[in-house]
Amino acid sequence: MPARPGFLPAIILASILLNLSNPLFVCAQNENKPNASAATPEHKTAPEKNASPAKTPSAAEELQQAITSAGNDRAALVGNLEAYLLKYPDSPQRPQIYRALVEASLQLRDTARAAGYAERVVALTPEDMSITLVAIQLLQRSGDEAGLHRAVNYAGRVLSFVDRTGLDDKSPKMSPDEWRKAKARDRSSILQLRGELYLKLKETAAAQKDFESSYEELPTAGAAEKLGEVAEIKKDLNAAIEQYARAFVLADSANPGVTRREIRQKIGNVWQLAHGSDDGLGEYLLRTYDQVSQATSAGKIRKNQGAREVSDFTLRKAPDGAPYPLAVKKGEVLVVSFWATWCGPCRALEPQFERVAAHFKDNDKISFLEADCDEDESQVAQYLEEVKPQIPVVFADGLDHLLAVNSLPTVVVIDRSGKIAYRAEGFGEETFERDLTAAANHALEEQATTLPHGTSAP
């Protein structure tokens with residue numbers, strides 16, 4: 001897979017320096033050291049009058065001298081390497097030299113020179129997608145119209161490379177699902193990058209098509225923002241509002257090039273033009289959030305889709321994802337607290353729930369679980385490290401949908417027959433511990449009795 005656009009791959013001078021150990025680059029490092037075959041001081045011989053001329057350095061030795069004499073002076077390095085290339089235009093080390101020139105030029109803020117040498121690397125090693133992406137981004141920053149057209153062609157080349165890759169090309173450490181997601185990210189990123197090139201070329205229709213394809217491949221704030229800009233160019237205010245709202249919803253740490261502050265300004269400006277004030281914008285953004293969340297989650301494979309009873313579920317332990325089948329709990333009373341990392345009341349309820357669980361710790365007929373309902377599970381490990389719960393924690397994995405959990409926190413007691421015996425929603429009831437303890441005891445005593453729901457806390 002190529003590197004993701006938006007990230008400039010590191011091209012470092014060490015790519016040449018590391019090669020200096022190659023015999024082709026070895027110079028006369030020991031030329032000032034005594035020669036083992038020379039005569040000893042006691043038997044000095046006079047220099048011959050007709051001594052042979054100094055040995056002409058090889059091309060490899062000249063290259064090393066060009067590098068070492070520049071020291072840390074990048075401008076001198078550029079000059080030395082370019083002079084070397086004038087003398088040895090067909091040097092087999094050209095790809096490494098060009099890469100070093102790209103790096104040095106970037107450090108000198110000479111983007112045009114860096115782009116030129118990056119393109120030379122692409123010409124010599126067209127299969128190198130990382131340097132191709134570097135060339136694209138450098139041309140995007142500094143290229144003229146002809147350079148932008150070349151960058152468009154390069155982007156098409158990278159896209160074709162991604163499309164050609166198959167499961168056989170994936171790393172053994174990557175699962176098929178992870179590979180498919182990575183491929184979708186790559187396609188989305190490259191399509192957006194090419195769309196931005198088209199936009200700079202004022203080819204709006206082509207840009208819009210790529211942005212739409214990018215968003216369809218993987219909904220991102222970047223693609224949505226660009227679609228909003230295209231809509232503004234076309235003076236379609238309603239479409240611009242829709243796209244900027246999507247970008248506002250999707251903007252997060254995973255989209256480093258997009259900030260909610262900037263998008264807020266863009267959507268606020270367009271909303272003002274369309275409606276004359278900010279009235280209704282907040283409600284519109286909340287509605288967009290619900291729509292985008294539903295659309296993005298619809299594409300995900302829901303776990304335990306065929307499960308109809310609690311005992312049919314196989315949950316995952318948090319945060320490592322190890323299987324946690326509820327079939328082994330069949331016939332027991334199960335008490336589940338549904339929570340999320342972003343839920344403040346859930347955190348407040350935690351110690352109360354644990355005290356109730358501790359009351360039943362010696363009873364093997366009842367189990368307590370904490371089920372995380374986060375859409376983004378990446379924060380769970382850090383949360384658990386901080387809170388350190390004493391009760392097994394699992395991911396809800398659809399159990400919340402089966403039990404109609406619509407607000408958090410929600411605590412449910414499931415009796416031995418798998419039916420809901422008690423439900424408490426929210427946090428704030430002073431009698432929570434007493435009521436939950438009583439409900440758990442009653443469920444243990446009853447074989448298949450469903451109790452009325454507990455009163456929801458305000």
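**Buried sides, charged pairs and unusual bonds**

Q: Let's start with arginine 423: is this residue buried or exposed?
A: This is a predicted model, so keep that in mind as we go. Arginine 423 has a relative accessible area of 9%. The cut-off for that label is under 20%, so arginine 423 counts as buried.

Q: Which residue does arginine 423 meet in a salt bridge?
A: Side chains of opposite charge can pair when their charged atoms come close. Here the N to O distance is 3.8 Å, and the cut-off is within 4 Å. The partner counts as partly exposed, at 23% relative accessibility. The residue that arginine 423 meets is glutamate 425.

Q: How many residues apart are arginine 99 and aspartate 128?
A: These two form a salt bridge, with their closest N and O atoms 2.2 Å apart. Arginine 99 is in helix H4, while aspartate 128 is in the loop between helix H5 and helix H6. The pair links distant parts of the chain, and the separation is 29 residues.

Q: Where do glutamate 229 and lysine 226 sit?
A: Their side chains meet in a salt bridge at 3.4 Å, N to O, and both residues are buried. Being 3 residues apart, they are separated by about one helical turn. Their home is helix H10.

Q: What does H15 pack its buried residues against?
A: In helix H15, the buried residues are Val380, Tyr383 and Leu384. They cover an arc of only 95° around the axis, which puts them on the same side of H15. The buried residues of H15 pack against strand E3, helix H14, strand E4 and strand E5.

Q: Which exposed residues does H15 carry on the face turned away from its buried side?
A: The buried side holds Val380, Tyr383 and Leu384. Turn to the face pointing away from them, and you find the exposed residues Gln382, Glu385 and Glu386.

Q: What is the omega of the peptide bond from leucine 408 to proline 409?
A: Proline 409 lies in the loop between helix H16 and strand E6. The bond from leucine 408 to proline 409 is cis, and its omega is near -5°.

Q: Which residue does a cis peptide bond join to alanine 318?
A: Look in the loop between strand E1 and strand E2, where the partner has its place. Omega is about 0° for this bond, and the residue joined to alanine 318 is proline 319.

Q: What is the phi of arginine 109?
A: Arginine 109 is found in the loop between H4 and H5. This residue is exposed, with a relative accessible area of 76%. Phi is positive here, in a residue other than glycine, and the value is near 60°.

Definitions and conventions. Residues numbered from 1 in each chain as written. Predicted model: local features only at pLDDT ≥ 70, side-chain atom pairs only at ≥ 80, totals over all residues. Heavy atoms only, no water. Buried < 20%, exposed > 50% of the residue type's maximum accessible area, 1.4 Å probe, protein only. Helix = DSSP H or I, 4+ residues; strand = E, 2+ residues; numbered from the N terminus. Arc of directions from axis to C-beta. Contact = heavy atoms within 4.5 Å.
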